[in-house]
Amino acid sequence: MTASDTDTTLTWRQRAAQLRPRTQVYIDGRFLPAHDGRTFETSDPATGAVIARVARGGQHEVDDAVASARRAFASGCWSDLTPRARRETLLALADLIETHAAELALLESLDGGKLIAQTTTEDVPGTAAIFRWYAEALDKVYGEVAPTGGDDLAIVTREPLGVVGAVIPWNYPLEMAAWKLAPALAAGNSVVLKPAEETPLSALRLAELATEAGLPDGVLNVVPGFGAEAGQALGRHPDVDSLTFTGSTAVGRMFLEYAGQSNMKQVWLECGGKSANIIFDDVADLDRAIEHAAQGIFALSGQVCSANSRLLVQRSIYDRVVEGVVAHARALRVGDPLDERTEMGPLVSTQQLQRVGRHVSIGAEEATLATGGGRPNGLNGDCAEGSFLEPTVFTDVAPDATIAVEEIFGPVLAVMPFDTEQQAIEVANASEYGLAASVWTDSIHRARRVSRRLSAGTVSVNTVDALDVMVPFGGVRQSGFGRDLSLHALDKFTALKTTWFAAED
Ligand code: NAD
């Protein structure tokens, strides 16, 4: 256990200074430098300070990691264990995640600029819960017996695929890793994980904890590095059986090409979103709807794939909702994510700040800037160095405006009025994405009617962003395909196998 786990008398910043993060490639149960010694910097987005230099994995490391994963799979040291035996290891990992909760939360907050108030209460406990859920699920999943009749017997079983490649983004480094690792490992696969270059630290520690929990060497390998190097090498690798990706739609497309150009590996994509949040004027508790509308876009500085970035408001309540959302935006405490009072932290990097800033400039040309758009001061002037942006609200946005169409992935809300239910549905569906949507209404009939017509993987009624490990998550259209979470995630990590026992002639 590290000092950051124990010494609660220190501030989170002081505890962060004591962290000694793992920074090397994790292959075959061991930390190693990149073969050519190359490294890259990972920085604290709240201060711009370099946290560590991390091994820059590429083709060579991916080849080694896949070979290690294949050896482990073929040996049966994990894949041939009973689901119940695998369960014990994954439960032990969940326990270790909780034992090291403070350290993991700090790594997550420091590397990604995420609020410590959230990483301690949501990201880390959520990660442990996901491992627990899949650990417990697998010995309750039964196969099938086909209705052959006679003395023939045909059984259908779920078999692990072999080597799974997982490429994940920076917004939920631990939880995204768990979304992929927990079902893939529970099903008996070996995995090579490539975390995002902005946030490699927590995944490396997680892999070390997995070994401590009893996961055999080679079953989980982690290769930090850049997308165009390690990510591409994994996507094109001829010995990877399935590739599960979460990230942008542009990169998701590349993985389809990589698979087509290599071994036709299965590819599963969780990509971008531009979720619509629709508020009808029959909502009795409008204040609650307003509060959730603000939370739905400003949580994690809007860097959430399912962020409610388009707010559609019925015209009769439009002014009141705009006023309320703007007031929430102005009241948010922006600042150091390691200060527990902070309500919104920085964007993940200066590049991301620049990208979002470009959209803010475009928005100022095509709509009304109601609040935000600049650099905040922070609680104690602590936003001077980091990649901070004020919570930003644009009103009277046309449905086809750039800021209403493109995924911004920042704390930028586009508000637009509508008159009829039909119009709201048409505007909400006029997007290349289809990840999530929200509907606020007190009419059960309208809730059912509208949610059925919204083209999205998840529709939340009278809340935003409803999510749980027990329900599937994923999109339609260019938000991707396949589902994370729930038992449906097993479709990504298992093959249905038919075994036919012929009757004697
Ligand atoms: P990104 O697509 O830039 O990167 C995601 C991962 O892909 C990273 O690990 C990166 O290194 C890798 N990568 C980048 N270029 C690559 C290439 N040429 N070849 C192979 N791999 C490559 O996305 P991001 O900026 O890290 O994350 C933001 C995006 O992720 C947003 O579009 C967001 O909507 C999406 N996202 C989706 C979900 C979901 O569940 N649908 C969840 C979180 C984030």
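A nonpolar core is taken here as a set of buried Ala, Val, Leu, Ile, Met, Phe, Trp, Tyr and Cys residues joined through side-chain atoms within 4.5 Å. The model analysed is predicted. Its largest nonpolar core has 65 residues. Phe131 and Leu181 have the most contacts inside this core. Helix α7, residues 173-186, gives the most to the core, with 10 residues. Both domain 1 (3-271 + 481-497) and domain 2 (276-468) give residues to the core, so the core lies between them.

The contacts of Leu181 were then listed, leaving out residues up to four places away in sequence. Leu181 touches Phe131, Ala186, Val191, Leu193, Leu206 and Leu220. A second core, of 31 residues, is separate. Among its members are Ala293, Phe298, Ala307 and Tyr318. In soluble globular proteins, nonpolar side chains tend to be buried together.

Strand β11 spans residues 266-270. Of its 5 residues, 4 are buried, so the strand is largely enclosed by the rest of the structure. Strand β11 pairs with two strands, β10 and β21. With β10 (residues 242-246), the pairing is parallel and covers 5 bridges. Here Phe245 has Leu269 of β11 as its bridge partner. The chain passes from β10 through helix α10 (residues 249-261) to β11. This β-α-β crossover is right-handed.

The pairing of β11 with β21 (residues 480-481) is antiparallel, with 2 bridges. Leu269 recurs in this pairing, where it stands opposite Phe481 of β21. Leu269 of β11 is thus matched with Phe245 and with Phe481.

How values were computed
Residues numbered from 1 in each chain as written. Predicted model: local features only at pLDDT ≥ 70, side-chain atom pairs only at ≥ 80, totals over all residues. Heavy atoms only, no water. Buried < 20%, exposed > 50% of the residue type's maximum accessible area, 1.4 Å probe, protein only. Domains from an automatic or database assignment. Contact = heavy atoms within 4.5 Å. Pairing = 2+ DSSP bridges. Right-handed = clockwise from strand over helix to strand, strands pointing away.
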